[in-house]
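Let's take a walk through a protein together, one stop at a time. Have a look at the sequence and the structure below before reading on.

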Amino acid sequence: MGNTTSLRQEFIAFSVNTGVLRFGEFTTKAGRQSPYFFNAGLFHDGATLAQLAQFYAQTLLDSGVQFDMLFGPAYKGITLASATAVALAGKGRNTSFAFNRKEAKDHGEGGTIVGAKLQGKVVIIDDVISAGTSVRESVEMIRAAGAEPCAVLIALDRMERAGKDGQMSELSAVQEVTEKYGIPVISIGNLDDLFSFLNGAGADPQLAQYKDAVAAYRTRYGIA
């Protein structure tokens, strides 16, 4: 994997090739009509998960963020944090990880946290940030354990303003997380990278037809 810019473009291409990033007409959770849809749940075989974890691991290392361990919020974050820990170990950085249960267990080891003890500087790993609920719950759990959330690492930053039409925030969900908790959000790729990919010389002509729709969506909902 090359420099940061090419890594981001490689990630967008990888997401398109695996069908995780699709173009067309989709309705988002916020009720917006989006010309693209990113579903990290479709990284569901060994080869694509291994490749995805390489992107997460390299992006985290390239960020320069100082960290001690990883935390994956249930449910998607469990697989992502686990796989990223494996990829980091392959790059010479053996890192512990933990994740939470949705419901506390009242027998055996009990509690809601599984894996390593939450301590030191903790990176929260998830797929995207939409409402920020998962991040808030993760931050609360990490701080309650006496550890420090130091960054959030996600696959794709949609870079669009939070809130409903007519009541939109000036900030994106990602920016709101950074402002509220004072921690950086690192993404493997974002909307600008997606747009650059569609504009690239090597872009598939079948995909190039979506450039205008993505540009219009960015103008309407994108952050300044």
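The paragraphs that follow go from the nonpolar cores to a pocket, and then to a few single residues. Please keep in mind that this is a predicted model.

A good place to begin is the inside. In soluble globular proteins, nonpolar side chains tend to be buried together. Here the largest nonpolar core has 46 residues. Within this core, the residues with the most contacts are Phe11, Phe23, Phe38, Leu70 and Val123. A second core, separate from the largest one, has 19 residues, among them Phe71, Ile142, Ala173 and Tyr181.

Let's zoom in on phenylalanine 23, one of those well-connected residues of the largest core. Setting aside residues up to four places away in sequence, phenylalanine 23 touches Val16, Pro35, Tyr36, Leu194, Leu198, Leu207, Tyr210 and Val214. Find Tyr36 in that list, and let it be your next stop.

Tyrosine 36 sits in strand 2. Is this residue buried or exposed? Its relative accessibility is 1%, and buried means under 20%, so tyrosine 36 counts as buried. Its contacts beyond four places in sequence include Phe23, Phe26, Leu156, Arg158, Glu160 and Tyr217. Glutamate 148 makes a nice contrast: tyrosine 36 and glutamate 148 are 112 residues apart in sequence, and their C-alpha atoms are 35 Å apart in space.

Now for the empty space. Rolling a probe the size of a water molecule over the atoms shows where empty space is left. In this model, the largest pocket holds about 1100 Å³ of space. It is lined by 42 residues, and the closest to its centre are Lys29, Val128, Ile129, Ser130 and Ala131. Which parts of the chain supply at least two residues each of this lining? Strand 2, helix 3, helix 4, strand 7 and helix 5 each do so. Helix 5 gives the most, with six residues. What kinds of residues line the largest pocket? By class, 19 are nonpolar, nine are polar and 14 are charged.

From helix 5, step back to the loop between strand 7 and helix 5, where you will find methionine 159. Its phi angle is near 55 degrees, which is a positive value in a residue other than glycine. Methionine 159 has a relative accessible area of 15%, so it is buried. Methionine 168 is placed in the loop between strand 7 and helix 5 too. With 21% relative accessibility, methionine 168 counts as partly exposed. The dividing value explains this: buried means under 20%, and partly exposed runs from there to the exposed class at over 50%.

Methionine 168 also shows how a folded chain can bring together residues that are apart in sequence. Tyrosine 221 is 53 residues away along the chain, yet the two C-alpha atoms are separated by 8.6 Å. Methionine 168 touches Tyr221, and its other contacts beyond four places in sequence include Arg32, Arg161 and Arg220.

A little further along is isoleucine 223, in the segment after helix 8. At 22% relative accessibility, isoleucine 223 counts as partly exposed. Among its contacts outside its sequence neighbourhood are Met159, Glu170, Leu171 and Gln175, so you meet methionine 159 once again. Glycine 115, by contrast, is 108 residues from isoleucine 223 along the chain, with 37 Å between their C-alpha atoms.

Two more stops remain. Serine 187 lies in strand 8 and is buried, with a relative accessible area of 10%. Its side chain reaches the backbone oxygen of glycine 189 at 3.2 Å. Leaving out residues up to four places away in sequence, serine 187 touches Arg8, Thr59, Ile154, Ala155 and Asp157.

The last stop is about the backbone. The peptide bond from alanine 74 to tyrosine 75 is cis, with omega near 5 degrees. You can look for tyrosine 75 in the loop between strand 3 and helix 3.

How values were computed. Residues are numbered from 1 along each chain as its sequence is written. This is a predicted model: local features need pLDDT of at least 70, side-chain atom pairs count only at pLDDT 80 or more; totals for chains, interfaces and linings use all residues. Side-chain values use heavy atoms; hydrogens and water are left out. Helices (H or I, at least four residues) and strands (E, at least two) are DSSP runs, numbered from the N terminus. Buried means under 20% relative accessible area, exposed over 50%, partly exposed in between (1.4 Å probe, protein chains only). A polar contact is a pair of N or O atoms within 3.5 Å; within protein, one must be able to donate a hydrogen and the other to accept it, and residues adjacent in sequence count only if both atoms are side-chain atoms. Contact means heavy atoms within 4.5 Å. A nonpolar core is a set of buried Ala, Val, Leu, Ile, Met, Phe, Trp, Tyr and Cys residues joined through side-chain atoms within 4.5 Å. On a 1 Å grid over the protein atoms alone, a cavity is a set of points where a 1.4 Å probe fits but cannot get out, and a pocket is an open set with protein on both sides within 12 Å along at least five of seven lines; lining residues have an atom within 4 Å of a point. Grid points are joined across faces, edges and corners, and a volume is the space filled by probe spheres set on the points. Ala, Val, Leu, Ile, Met, Phe, Trp, Tyr, Cys and Pro count as nonpolar, Asp, Glu, Lys and Arg as charged, and the others, Gly among them, as polar.
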